[in-house]
Every structure is written in structure tokens, then in C-alpha cells.
Amino acid sequence: MADGLEGGCACGAVRYRVDREPIFVNNCHCTLCQRQTGSTSVVNMFFETEAVTQLSGETTRHMVKAGSGGDHAIVRCSACGTAMWSVYPRLGELAVGIRAGTLDDPGAVTPDAAIFTADRMPWVTLPEDIPHFEKTYVPAELLPPERFARLQALIALRAAQAA
């Protein structure tokens, strides 16, 4: 990860670079993610927005509702429609959840956890070496201290913005 992560859409128009490791990586099996991706789950890597540079291409935003009921923006390549990343209500524009499948090397990241596994397809097998939770987890109990501190800083900044 010393050189960062790069990725792009299916047609190659949108390219991006991330200059640090993710705060956390979730493999989400919730029914909203299933419906929004048309798949059994999605692997999202969460970063501070400032760590992500869009190198090329145009994107469009598509609004859907998050599990919280707040607005969830899915950012897609305007040429091919590939879902690149999302902006979720909890952290707003301070963070993005990039789809791990858009990385040039998707195997470069491993999920910290599989979440909302109670909603997973009955035939999906969960890896033994990745913690899994029927709903979600307490980040302080799972994330390394330095990554948890980054998450806490974003939460505090978001709270300050709302005040």
C-alpha cells in the first residue's frame, strides 16, 4: 500500500487514486446493498474524501436511501454507469466508500468484517478468517487504534459541522 491504490470504471473513463490505507473495509450483505448493487453483497473501503483524487472522467450522482433513512449518494461513471463510490449520511462529504471491485488490484484489500450477515443469501459462505456480524460491530472493538482514531476525527468534524 506504500504506493497508494488506483482504480477505475469498467470503460476506463473514470480513474482515481487513494493515497492512504482505508479507515475500514466492510463486506456488507444488507438487503439495501443487495438491491443497489444487484449482487449478494458489496465490499466498500472507507476513506477521508481528501485522500481520494479523481484522475479522469466525469461522474454522476444517484440518490437512494440509506438504512438510516438519510440520503446515500452513489457516484457512477457518467459514460458506463459503473458504481465507483458512495457518500453516506453519517459522515456526509467527509468520507467516501469506494467499491473495492473498482480497484486495479481488488485483492489488495481484505475486509475488516462482513456485516449484516443475517440478510445474506442462504448459500453464501463466510470466510473463517474475517469477523462477521449479524448486523454491525463496534469499531473501537475491531479496528486498530490508528484507524479508529481517523474515524473518530471524522465523526467529531461531522458533529462540529452540524452544530
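**Close-up views of a predicted model**

**View 1. Y137 is a buried residue.** The relative accessible area of Y137 is 11%. Buried means under 20%, so at 11% Y137 counts as buried. The model shown here, as in every view, is predicted.

**View 2. Aromatic rings come together in pairs, and there are four such pairs in the structure.** One of them joins F46 and Y88. Their ring centres are 5.7 Å apart, and their planes make an angle of 45°. This pair is tilted. F46 belongs to strand β4 (residues 42-48). Y88 sits in the loop between β8 (83-87) and β9 (95-99). The two parts are 42 residues apart in sequence, so the ring pair ties them together. Are F46 and Y88 buried or exposed? Both F46 and Y88 are buried.

**View 3. F133 and Y137 form a tilted aromatic pair.** Here the distance is 5.4 Å centre to centre. The angle between the planes is 35°. F133 has a relative accessibility of 25%, so F133 counts as partly exposed. Its partner Y137 is buried, at 11%.

**View 4. F24, F46 and Y88 make up a ring cluster.** Ring pairs link these residues. The tilted pair of F46 and Y88 appears again in this view. Two rings are described by how far apart their centres are and by the angle of their planes.

**View 5. Three strands build an open sheet.** Follow the order β1-β2-β5 across the sheet. The pairing is antiparallel. Which strands lie at the edges? They are β1 (5-8) and β5 (52-56), and each pairs on one side only. On average, neighbouring strands in this sheet are turned by 25° against each other, direction ignored.

**View 6. Strand β2 meets β5.** β2 covers residues 15-18. How many bridges join β2 to β5? There are four, and the two strands run antiparallel. Look for Y16: its bridge partner in β5 is Q54.

**View 7. Q34 lies in helix α1.** This helix spans residues 31-37. Q34 has 10% relative accessibility. The cut-off for buried is under 20%, so Q34 counts as buried. Which residues does Q34 touch, leaving out those up to four places away in sequence? They are H29, S39, T40, D119, R120 and M121.

Notes. Residues are numbered from 1 along each chain as its sequence is written. This is a predicted model: local features need pLDDT of at least 70, side-chain atom pairs count only at pLDDT 80 or more; totals for chains, interfaces and linings use all residues. Side-chain values use heavy atoms; hydrogens and water are left out. Buried means under 20% relative accessible area, exposed over 50%, partly exposed in between (1.4 Å probe, protein chains only). Contact means heavy atoms within 4.5 Å. Rings of Phe, Tyr and Trp (its six-membered ring) pair if their centres lie within 6.5 Å; planes under 30 degrees apart count as stacked, over 60 as edge-to-face and the rest as tilted. Two strands pair if DSSP finds at least two bridges between them. Axes are lines fitted to C-alpha atoms, for helices over the stretch in contact, and angles run from 0 to 180 degrees between N-to-C directions.
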